[in-house]
Amino acid sequence: MNRVQNIKLESYFKNFNISKELQKMLEGWTMDFINDGGNIVKNYLTNFIKWITKLPNFFVYVVITILSTYFISSDKFYILDRMEYHFTKKWIGNVREKIRNIKNTLFSYLKAELIMTLISFIIILIGLNILAFMDLDIKYPLLMAVIIGFVDALPILRKWHNTYSMGYYIIYK
């Protein structure tokens with residue numbers, strides 16, 4: 001602690017007639033509080049700056065994805081025509097059948113997940129309304145059920161990785 005801070009604290013403590021041991025203890029606590037608060041703010045600002053610097057990369061990925069999707073979809077018929085020219089009819093039929101099966105399976109999976117999320121939302125809504133009816137201070141059961149239902153649906157949005165979700169991957173990787 002520098003001399004100016006020490007003089008200010010001593011003059012402040014003299015107004016209250018506090019013993020020297022208590023003054024030292026309070027000075028230590030005050031300085032620890034100030035240092036810890038400064039470290040928390042510094043860490044928060046450092047992480048915020050890191051996050052801000054990753055935003056341009058995210059927007060570049062989004063723009064490239066949109067542009068590539070547009071150009072690939074605009075050349076779809078040309079690509080299919082070239083595939084039919086280079087591959088046999090049997091192979092083309094097999095590929096179309098596999099793609100149709102993949103689409104049906106993916107649609108069935110998403111439909112099942114949506115139904116399970118809807119069922120859990122209804123069960124949670126009924127449970128929260130029962131708790132609110134029993135005067136257990138449950139405010140906004142519908143909003144809480146919607147939020148819980150959304151959180152229940154988050155695994156569908158996960159990146160195909162064992163550890164991190166897509167949002168975590170975009171922001172921190």
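1. In this note a residue is called buried when its relative accessible area is under 20%, exposed when it is over 50%, and partly exposed in between, with a 1.4 Å probe and protein chains only as the basis. The model is predicted, and local features need pLDDT of at least 70, side-chain atom pairs count only at pLDDT 80 or more, while totals for chains, interfaces and linings use all residues. Residues are numbered from 1 along each chain as its sequence is written, and side-chain values use heavy atoms, with hydrogens and water left out.

2. Helix 2 covers residues 20-74, where helices are DSSP runs of H or I with at least four residues, numbered from the N terminus. Its 55 residues reach 81 Å from the first C-alpha to the last, close to the expected 81 Å at 1.5 Å a residue; the expected span is 1.5 Å times one less than the number of residues. Within helix 2, the residues Q23, E27 and M31 are buried.

3. Helix 2 also has a kink of about 25° at L55, shortly before the proline P56. The bend at a residue is taken as the angle between axes fitted to the seven residues ending there and the seven starting there.

4. Helix 4, with 45 residues, reaches 65 Å from its first C-alpha to its last, which is close to the 66 Å expected at 1.5 Å a residue. Its buried residues are I92, E113, T117, S120, F121, L125 and L128, and what covers them includes helix 3 (76-86) and helix 5 (141-153).

5. A nonpolar patch on the surface is formed by L118, I122, I126, I130, L131, F133, M134 and L136, which together have about 810 Å² of accessible area. Patches are made of residues with over 30% relative accessible area and no salt bridge, like charges being joined within 9 Å and nonpolar side chains (Val, Leu, Ile, Met, Phe, Trp, Tyr) within 5 Å; the areas come from the Shrake-Rupley method with a 1.4 Å probe, and for residues only the protein chains shown count as cover. Among the patch members, L131 is found in helix 4 (residues 89-133) and is partly exposed, with a relative accessible area of 32%.

6. A search of the whole structure finds two salt bridges, a salt bridge being a side-chain nitrogen of Lys or Arg within 4 Å of a carboxyl oxygen of Asp or Glu. In one, the side chains of E84 and R96 meet at 2.8 Å, N to O. E84 lies in helix 3 and R96 in helix 4, so the pair ties together parts that are 12 residues apart in sequence. E84 is partly exposed at 39% relative accessible area, and R96 is partly exposed at 44%.

7. The other salt bridge joins D81 and R82, whose closest N and O atoms are 4.0 Å apart. D81 counts as partly exposed at 41% relative accessibility, and R82 is likewise partly exposed, with a relative accessible area of 33%.

8. The loop between helix 4 and helix 5 merits a check of its backbone angles. Most residues other than glycine have a negative phi. D135, which follows helix 4, nevertheless has a positive phi of about 60° although it is not a glycine, and D135 is exposed, with a relative accessible area of 70%. Y140 is placed in the loop between helix 4 and helix 5, and its phi is near 55°, again a positive value in a residue other than glycine. Y140 is exposed, with a relative accessible area of 62%.

Methods. Helix = DSSP H or I, 4+ residues; strand = E, 2+ residues; numbered from the N terminus. Contact = heavy atoms within 4.5 Å.
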